[in-house]
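Visitor: Please show me the structure, and then let us discuss how its helices pack.

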Number of protein chains: 2
Amino acid sequence: MHRSPLHQEFILHFGEMGSRWGINRTVGQIYALLFISEEPLNAEQIVDSLGVSRSNVSMGLKELQVWNLVRLRHRPGDRRDYFATPDDMWEIVRTLIKERKKREIDPTLSKLRELGMQDSTNEVDRYAQSQIGELRELIELLTSWHDDLNRLETRQIVQLLQAGSKLRALIKTTGNIVKLPKGRNAGGRFQETDS
Amino acid sequence: MHRSPLHQEFILHFGEMGSRWGINRTVGQIYALLFISEEPLNAEQIVDSLGVSRSNVSMGLKELQVWNLVRLRHRPGDRRDYFATPDDMWEIVRTLIKERKKREIDPTLSKLRELGMQDSTNEVDRYAQSQIGELRELIELLTSWHDDLNRLETRQIVQLLQAGSKLRALIKTTGNIVKLPKGRNAGGRFQETDS
DNA sequence: CTGTTATTTCAGAAATTACTGAAATAATAG
DNA sequence: CTATTATTTCAGTAATTTCTGAAATAACAG
């Protein structure tokens, strides 16, 4: 299938960025292709457009479905699967954040809670335990904020972002609730250097 | 160097998560080790603790410095380099977000702007251009919001997060400014399916 | 059923990324 | 300067990830 230079450049860019986003090149390219295609595409059309193997496309589409980043569509009288990206771009952003949290944050939060259970009468572990506890609290705060955001509609989120300039105002309405970090190197045997 | 079971489990977990976070196992382990160590460590101590090669540690520390995730320290009369993680955990979070934005968002924003310049009198590119433009606007909005956040102090950010329940209130103070997405599949030749 | 088309699975090949040991470079003390 | 210690570089190897082609499975239509 022939693609315009604009399409090609867009698709190749998403392919190259794929590795930085934790997906592989083909998955990035498939997503880009669906994103700029007005009509849903079937696997064979994707193969033709990208020049990769049918099996690779099959696996890529499966991964995109696991990520909840594509929607399945069908034409009457056509039993092939067609794929499209969601229409609401902010839904895509929310999905991306949610899925990344699931993969990158949640397992660590579980592990931190698990490690926090261990009662370390052990003196060596005292500092480690306090660091682990602080990190867990930090992630829990971010997580609950994320949950709050996820209860909002697309329209509300956009409004919130556009109210960026009002951030400072909001802060003045809340008290100073939290203790600030204590700082390490109490004995002072080390010297700070450049950055 | 002997490490307690707590230390070991924490370090191994960060190593395993490394690949999901876009760093390799060794870099993840080095960071974890520094994070739970009360005193700064030198390269040799890291080698002993992790059981990897000296050169691997050297490369890992270099990468952590590129990411701005470690600080260099020195002891008087000792010319070896010592390393520590920043004391303020929220500074770490901010750094992580900033650096990931630099790697994962900024190049794509540049590319989208570049592609948006192309005047596509071409009919095929009309839809692609509108998608690219919408995506660019979305990223620009997120980016400027991120810039706003970065101007805040740690204390203010924590307060903002803890004010999560006040989000809805804030939204009521802002008008409905933005047009909502239009939706694809105008002709309606495709049928929606499951998820 | 049987034949045809669509999709998935999977073992091995290809490509990429991570790691090591050895050698080079850098920094400093004497 | 020379010897010693600290750090980096890098070519080759190991480990991991991605991709392909072939075979298996699934989903129909007739």
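**Helix packing between the chains**

Guide: Chain A of this predicted model contains 8 helices and 4 strands. Along the sequence, the elements of chain A follow the pattern α-α-β-α-α-β-β-α-α-α-α-β.

Visitor: What percentage of contacts in chain A between residues at least 6 apart in sequence join residues at least 24 apart?

Guide: Chain A has 195 residues, of which 50% count as buried. Among its contacts between residues at least 6 apart in sequence, the share that joins residues at least 24 apart is 57%.

Visitor: Is α6(A) parallel, perpendicular or oblique to α7(B)?

Guide: Helix α6 of chain A spans residues 126–150, and helix α7 of chain B spans residues 154–162. Their axes lie 9 Å apart and form an angle of about 45°. Because angles under 35 degrees count as roughly parallel and those from 65 to 115 as roughly perpendicular, α6(A) and α7(B) are oblique.

Visitor: How many residues of the contact of α6(A) with α7(B) are nonpolar, polar and charged?

Guide: The crossing of these two helices, α6(A) and α7(B), is left-handed. From α6(A), the contact involves A:L141, A:L142 and A:W145, and from α7(B), B:V158, B:L161 and B:Q162. By class, the residues of this contact are 5 nonpolar, 1 polar and no charged.

Visitor: Which residues of α7(B) are buried?

Guide: α7(B) is mostly covered, with 7 of its 9 residues buried. Buried here means under 20% relative accessible area. The residues that meet this criterion are B:T154, B:Q156, B:I157, B:V158, B:Q159, B:L160 and B:L161.

Visitor: Which residues of α5(B) meet α6(A)?

Guide: Helix α5 of chain B covers residues 89–117, and its axis is 10 Å from that of α6(A), at an angle of about 55°. The two helices, α6(A) and α5(B), are therefore oblique to each other, and their crossing is right-handed. On the α6(A) side, A:Q131, A:E134, A:L135, A:L138, A:L141 and A:L142 take part; on the α5(B) side, the partners are B:M89, B:W90 and B:V93.

Visitor: What is the make-up by class of the contact of α6(A) with α5(B)?

Guide: The α6(A) residues in this contact include A:Q131, A:E134 and A:L135. Sorted by class, the contact has 7 nonpolar, 1 polar and 1 charged residues.

Visitor: Which residues does B:F10 touch, not counting residues up to four places away in sequence?

Guide: The largest nonpolar core has 96 residues, and those touching the most other members are A:F10, A:I46, B:F10 and B:I46. With residues up to four places away in sequence not counted, B:F10 touches A:L112, A:L115, A:I132, B:A32, B:F35 and B:I36.

Key: Residues numbered from 1 in each chain as written. Chains lettered and ligands numbered in written order. Predicted model: local features only at pLDDT ≥ 70, side-chain atom pairs only at ≥ 80, totals over all residues. Heavy atoms only, no water. Axes fitted to C-alpha atoms, helices over the stretch in contact; angles between N-to-C directions. Parallel < 35°, antiparallel > 145°, perpendicular 65-115°, else oblique. Left-handed = near helix turned anticlockwise from the far one by under 90°. Contact = heavy atoms within 4.5 Å. Nonpolar A, V, L, I, M, F, W, Y, C, P; charged D, E, K, R; others polar. Core = buried A, V, L, I, M, F, W, Y, C linked by side-chain atoms within 4.5 Å. Buried < 20%, exposed > 50% of the residue type's maximum accessible area, 1.4 Å probe, protein only.
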